[in-house]
Amino acid sequence: MPANKPPSPVIGRQHRSLAASPDSTPRSLRQRLADPGPLFGLTCSTPSPTTVELIAAAGYDYLIVDVDQLVPQSNALADIATAARHARIALLAKVVTAAQTRQAVGHAVSGIVLSRVCCPLQAAAAVRDCRQAMQVLRAQEHASHAWLSFLGRSAAPDELPLLLAAIEDGDGVACAGEIAAVDGIDILMESTTALSHALQLPWQTRHPSVQAAGRAVRLAAQAAGKQFCAHPQAPIELDAALEDDVRLFVLGDDRVISRRAMSNQLERYRWRSGESNDESSC
């Protein structure tokens, strides 16, 4: 590193992953958002209790599981939620339908990511679904204290999960300010990959138009006094986001990261054995 280059804004910051302090009382993701410093998450595209434990052991603060990817009529979300509590990592569930919202609330997730939010009416309806589901859950918990113990809830009884509105198309970008203003929406989340496809620029996440859309979402969130969740594509983008007071980051997909790590490991030994990439087979 050049001597005149300033240190990264994240150097020296204490990591606050739940997994890093096993003796402390678990705190919800909402509570930890009140602390200074960034929170780092990962999209879990291979959802299983084992993957949850690996992500937690790696030190991430939270992970996101897409409920649509889980097998219907299975206990997959319950198993993942249990693994997340035991591993002391916050779990966010990405949902599409009201039924999925109720399911996520029932498993006491830390947050709910609302897919493809494109207008304030849709956001308001999702907030109502979440609040109604919480009312039903509280009634059930009041009737059965054993159920509350089984859930292992650590949040305050009146605390709602964080609600994140995922902005994934041009309509959502255009209405980002109105969506952020909806009472109950805590965070606007950019989805650079989805935006690149919606803007007819598939996978071009660093295209100026895609970057401009993400910047518009961030400005809308901050203007409404809400948090913004970014998907940096490189460490230098993290530095810029921290300068803009962004607190939440999703650092990629577990499947992609695992493939790259395994590929790098293999190449280290291929190179040492004298075998070139050209000679290797897929």
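Me: Which residues have the most contacts inside the largest nonpolar core?

Reply: This is a predicted model, where local features need pLDDT of at least 70, side-chain atom pairs count only at pLDDT 80 or more, and totals for chains, interfaces and linings use all residues. Residues are numbered from 1 along each chain as its sequence is written, and side-chain values use heavy atoms, with hydrogens and water left out. A nonpolar core is a set of buried Ala, Val, Leu, Ile, Met, Phe, Trp, Tyr and Cys residues joined through side-chain atoms within 4.5 Å; buried means under 20% relative accessible area, exposed over 50%, partly exposed in between, with a 1.4 Å probe and protein chains only. The largest such core has 59 residues, and those with the most contacts inside it are I89, I112, I185 and L188.

Me: Which helix gives the largest share of this core?

Reply: Helices (H or I, at least four residues) and strands (E, at least two) are DSSP runs, numbered from the N terminus. The largest share of the core is seven residues. They come from residues 120-143, helix α5.

Me: How many residues are in the other core, which lies apart?

Reply: This second core includes L29, L39, L162 and L248. Nonpolar side chains tend to be buried together in soluble globular proteins. The residue count here is 16.

Me: In what order do the eight strands close into a barrel?

Reply: Two strands pair if DSSP finds at least two bridges between them. The pairing in this barrel is parallel. The order is β1-β2-β3-β4-β5-β6-β7-β8.

Me: By what angle are neighbouring strands of this sheet turned against each other on average?

Reply: Axes are lines fitted to C-alpha atoms, for helices over the stretch in contact, and angles run from 0 to 180 degrees between N-to-C directions. For this average, direction is ignored. Neighbouring strands are turned by 25°.

Me: Which residue of β4 stands opposite V95?

Reply: Strand β3 spans residues 90-95 and strand β4 residues 111-114. The two pair in the parallel sense over four bridges. Opposite V95 stands L114.

Me: Are the faces of β4 covered or open, and by which residues is this shown?

Reply: G111 and V113 lie on one side of β4. I112 and L114 lie on the other. All of these are buried, and both faces are covered: the residues are G111, V113, I112 and L114.

Me: Is the crossover from β3 to β4 right-handed or left-handed?

Reply: A crossover is right-handed if, with the strands pointing away from the viewer, the path from the first strand over the helix to the second runs clockwise. Here the chain passes from β3 through helix α4 (residues 98-106) to β4. In α4, Q100, T101, A104, V105 and G106 are buried. This β-α-β crossover is right-handed.

Me: Which residue of β5 stands opposite G111?

Reply: β4 and strand β5 (residues 162-167) run parallel and are joined by four bridges. Opposite G111 stands L162.

Me: Why is β5 largely enclosed by the rest of the structure?

Reply: L162, L164 and A166 point one way from the strand, while L163, A165 and I167 point the other way. All are buried. β5 is largely enclosed because its buried residues number six of the six.

Me: Which residue is the bridge partner of L164 in β6?

Reply: β5 pairs with strand β6 (residues 187-190) in the parallel sense. Four bridges join them. The partner of L164 is I187.

Me: How many salt bridges are there?

Reply: Side chains of opposite charge can pair when their charged atoms come close. A salt bridge is a side-chain nitrogen of Lys or Arg within 4 Å of a carboxyl oxygen of Asp or Glu. By this rule the count is eight.

Me: What is the N to O distance between R32 and D61?

Reply: R32 is in helix α1 (residues 29-32) and D61 in the loop between α2 (49-58) and β2 (62-66), 29 residues apart. R32 is buried at 2% relative accessible area. D61 is buried at 1%. Their salt bridge spans 3.5 Å.

Me: How far apart are the closest N and O atoms of R206 and E237?

Reply: R206 is exposed at 51% relative accessibility, whereas E237 is partly exposed at 22%. In this salt bridge the closest N and O atoms are apart by 3.7 Å.

Me: Which residue forms a salt bridge with R218?

Reply: R218 is buried at 12% relative accessibility. Its partner is partly exposed at 32%. The closest N and O atoms are 3.6 Å apart, and the partner is D244.
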